[in-house]
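Let's look at how charged side chains pair up in this protein. Have the sequence and the 3D view ready.

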Amino acid sequence: MSDVMPSGRSRLLEDFRNNRYPNLQLREIAGHIIEFSQDQHGSRFIQLKLERATPAERQLVFNEILQAAYQLMVDVFGNYVIQKFFEFGSLEQKLALAERIRGHVLSLALQMYGCRVIQKALEFIPPDQQVINDMVRELDGHVLKCVKDQNGNHVVQKCIECVQPQSLQFIIDAFKSQVFALSTHPYGCRVIQRILEHCLPEQTLPILEELHQHTEQLVQIYTRHVE
């Protein structure tokens, strides 16, 4: 009898989806972790189990997902399993996943699901870890592209919120002579707000100076919006 059902799913996943395993445990889906992670119901099952899993159970799941980490990061359901490891995994596991992000930060930042994974990594990996600075530096030269992108702008905002401001000077530099245009952009204005909230005075000063140069135009634009 084949272990692959007409749906293309394994018999184990098919039976799980049909409620034949009401008390299924993580260790019982060993060898099927990636398949479960990419299934709506399977992913939810793993997410819930990871929150209360023992270190050994988490390691069992981690051993299977690490090799397919990038594939899961950009998957509609798999990305949530990766996010759970940034929340509940050990520092060693978080750093190993961060290594899988290295070299792909821009493509993930611009991708609907990958951008969520990067935000979670920035939030839950201690900012003094070198891999955080390395990840952020991959955006150097692509700041404005990300700021104007519906996914990328959230990653830039999270960088500003979570990363030490000394490591973010390249973001400030990218805004030079662009502040007025970005302040009237639906995503750019949010990033400027984060800079003003989180960056050092010497970083926010040139941003404020450019804004002041365009005060009258900004007031006119704002007035049109509220009329």
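## A bridge between two helices

In this predicted model, the side chains of Arg 194 and Glu 161 come together in a salt bridge, with 3.1 Å from N to O. Arg 194 sits in helix 15 (residues 188-198) and Glu 161 in helix 12 (residues 152-162), so this pair ties together parts that are 33 residues apart in sequence.

Buried or exposed: how does Arg 194 count? Arg 194 has 18% relative accessibility, so it counts as buried, because the cut-off for buried is under 20%. Its partner Glu 161 has 34%, so Glu 161 counts as partly exposed.

## A second partner for Arg 194

Arg 194 also meets Glu 197 in a salt bridge, this time at 3.2 Å from N to O. Here both residues belong to helix 15, three residues apart, which is about one turn of the helix. Glu 197 comes out as partly exposed, at 46% relative accessibility.

Which residues end up in one network? Salt bridges with shared partners link Glu 123, Lys 158, Glu 161, Arg 194 and Glu 197.

## Another pair, and the total

Now take a look at Asp 140 and Arg 137, whose side chains form a salt bridge at 2.8 Å, N to O. Asp 140 is partly exposed, with a relative accessible area of 36%, and Arg 137 is partly exposed too, at 44%.

How many salt bridges are there by this rule? The count is 13. The general idea is simple: side chains with opposite charges can pair when their charged atoms come close.

Key. Residues numbered from 1 in each chain as written. Predicted model: local features only at pLDDT ≥ 70, side-chain atom pairs only at ≥ 80, totals over all residues. Heavy atoms only, no water. Salt bridge = Lys/Arg side-chain N within 4 Å of Asp/Glu carboxyl O. Buried < 20%, exposed > 50% of the residue type's maximum accessible area, 1.4 Å probe, protein only. Helix = DSSP H or I, 4+ residues; strand = E, 2+ residues; numbered from the N terminus.
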